[in-house]
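Me: I'm new to this structure and a bit lost in it. Please pick one part and walk me through it slowly, including whatever sits around it.

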Amino acid sequence: MSETAFKVPKMGESITEGTIINWVVQEGDAFEEGDILVEIATDKVDNEVPAPFSGVMISHKAQANDVVAVGSEIAILEEGSSGSKSEEKSKSNLKSKEKEASSKPSIKVEASSKSSAKKPLQKTASVGIQNNTFYSPLVISIAKEHHISFEELARIEATGNDGRLRKSDVFKYIDAGRPYQFSVIPAKAGISGDIGSQFESIGQQMMQLGQELNETLAELKVLKEQPAVEQPKPYTIPQLKLDKGTGKIVEMDRMRSMIADHMVYSKHTSPHVTAYVEADMTDIVNWRNANKVKFQETYGEKLTFTPLFVEAVANAITEFPMINVSVDGRNIIVKEHINVGMATALPSGNLIVPVVKDADKKNLQELATDVNRMANLARENKLGGDDIKGSTFTISNVGTFGSVMGTPIINQPEAAILATGIIKKRPEVITKDGNDTIEIRSMMYLSLSFDHRIVDGFLGGSFLKKIADNLEQFDTNREI
């Protein structure tokens with residue numbers, strides 16, 4: 001039997017880290033191959049990580065709520081039989097280790113990402129600079145996208161374990177208007193790197209200008225009448241003491257907290273513009289009502305409006321590919337796949353966005369199968385990581401909740417999102433052969449929120465009108 005390092009497995013293309021929810025197998029416990037050892041949360045999905053072999057859990061290298069990188073070591077396993085002898089031996093070893101530890105002074109060693117002990121940073125005289133110099137790849141990525149320097153990161157209040165800066169800390173700071181964006185860090189603060197050197201140089205120039213100003217004031221004999229010039233303080237958002245009222249306190253769950261961060265980040269990043277049209281859904285409603293029973297008998301799938309919406313959107317994207325994009329700095333990435341996300345309610349009331357991959361290449365039966373499968377998995381909280389990643393455009397059916405229309409927030413890093421309202425019968429003026437008549441029609445509002453950095457009004461409006469045309473011009477002679 002041999003000891004083996006247990007590492008965080010790869011859990012998706014763009015996932016670089018996760019948060020340990022809890023350990024299912026405790027230290028000293030035996031397990032079988034395939035047993036769940038630990039639960040790790042990534043973005044909106046909780047992953048159960050199975051054991052690669054049978055054995056005994058020797059020790060945990062990371063604890064619940066710790067943020068761990070993909071590929072990092074989080075436990076030590078003993079490979080071999082998981083029977084009672086192995087379990088007793090492991091427990092015996094743990095007890096002996098505890099006895100040895102109790103007779104020796106306790107020394108706590110904090111491991112870095114390279115498994116080497118961190119040296120404590122020297123305290124500086126600069127107020128508000130954090131001592132923690134380790135930032136996760138996700139935090140660094142967010143900082144790079146928002147042009148936040150390491151000096152500015154060092155001033156952000158960190159709420160993670162051991163003073164670790166969390167993603168939510170950075171978004172909260174950005175939402176507050178980045179109060180330390182233009183503050184000066186003294187050269188003694190110990191910040192290194194090209195950006196740090198630039199800030200130190202600027203700080204020295206400002207200090208020199210301050211000295212020259214003091215000399216000028218001394219010559220004019222003004223210094224005696226005015227207080228000494230103080231170091232400029234960074235602008236901070238005023239802390240208004242608002243009356244938030246009293247009542248029952250309900251703490252946000254983990255998913256709601258992540259949704260809140262994502263929504264604030266989206267509104268801060270993308271200048272939102274929303275356009276509206278209404279579509280006459282009479283023909284498509286009548287066709288669905290006439291064919292939904294036959295469709296289910298033929299394919300074993302319910303025919304809802306969602307796959308019809310996905311089809312109309314995918315066809316419109318093929319004509320307006322610049323809607324199917326995302327921003328990377330000064331570059332626009334035009335996506336090669338059309339993956340349509342559909343906002344879906346979970347039993348908890350939170351929303352999640354499962355994705356129909358390559359929607360433009362699928363027929364109505366395939367779209368209905370994908371939509372129904374993921375809707376059922378969402379209701380059962382069984383969506384996997386692959387089900388919710390890779391979307392390039394999102395649909396939110398606010399009509400499901402009875403809303404006439406909505407102003408949806410863009411699902412980053414996409415460029416636009418569509419909201420479909422309730423389908424409602426109304427009297428409408430219809431022109432036929434030059435004559436106006438009033439008829440009862442099934443009407444629906446569509447609203448498109450788009451990122452005005454890369455989508456202008458003409459593109460957004462034309463794309464939205466094309467979706468409405470696709471719905472209104474639906475082929476009523478279409479065979480199942």
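Reply: Here is a walk through one helix, its surroundings and a few charged pairs.

First, some ground rules: this is a predicted model, where local features need pLDDT of at least 70 and side-chain atom pairs count only at pLDDT 80 or more, while totals for chains, interfaces and linings use all residues. Residues are numbered from 1 along each chain as its sequence is written, and side-chain values use heavy atoms, with hydrogens and water left out.

Let's go to helix 8, residues 306-319. Helices here are DSSP runs of H or I with at least four residues, strands are runs of E with at least two, and both are numbered from the N terminus. The expected span of a helix is 1.5 Å times one less than its number of residues. For the 14 residues of helix 8 that gives 20 Å, and the end C-alpha atoms sit 21 Å apart, which agrees.

Now, how covered is helix 8? Mostly: ten of its 14 residues are buried. (Buried means under 20% relative accessible area, exposed means over 50%, and partly exposed is in between, using a 1.4 Å probe and protein chains only.) Among the buried ones are L308, F309, V310, A312, V313, A316 and I317, and E311 is on the list too.

That ties in with the largest nonpolar core, which has 57 residues. Such a core is a set of buried Ala, Val, Leu, Ile, Met, Phe, Trp, Tyr and Cys residues joined through side-chain atoms within 4.5 Å. The residues with the most contacts inside the core are F393, L418, L446, F463, I467 and L471. The largest share of this core, eight residues, comes from helix 8. Try I467 as a way in: leaving aside neighbours within four places in sequence, I467 is in contact (heavy atoms within 4.5 Å) with A312, V313 and A316, plus L418 and L446. There is also a second, separate core of 19 residues, which includes F6, I20, V38 and A75.

Helix 8 has a neighbour worth a look. The buried residues of helix 9 are covered by parts that include helix 7 (282-299), helix 8 and strand 12 (340-342). Helix 9 covers residues 364-379, and its 16 residues should span 22 Å, which agrees with end C-alpha atoms 22 Å apart. At its start, a side-chain oxygen of N363 comes within 3.2 Å of the backbone nitrogen of Q365. Just after helix 9, N381 takes a positive phi of about 55°.

One of the buried residues of helix 9 is D370, at 15% relative accessibility. D370 makes a salt bridge with K362, their closest N and O atoms being 2.5 Å apart; a salt bridge is a side-chain nitrogen of Lys or Arg within 4 Å of a carboxyl oxygen of Asp or Glu. K362 is partly exposed at 25%.

The whole structure has 14 salt bridges. In another of them, D280 pairs with R441, with the closest N and O atoms 2.9 Å apart. D280 is in strand 9 (residues 272-280) and R441 in strand 19 (residues 435-451), so this pair ties together parts that are 161 residues apart in sequence. D280 is buried at 15%, and R441 counts as buried at 16%.

How values were computed. A polar contact is a pair of N or O atoms within 3.5 Å; within protein, one must be able to donate a hydrogen and the other to accept it, and residues adjacent in sequence count only if both atoms are side-chain atoms.
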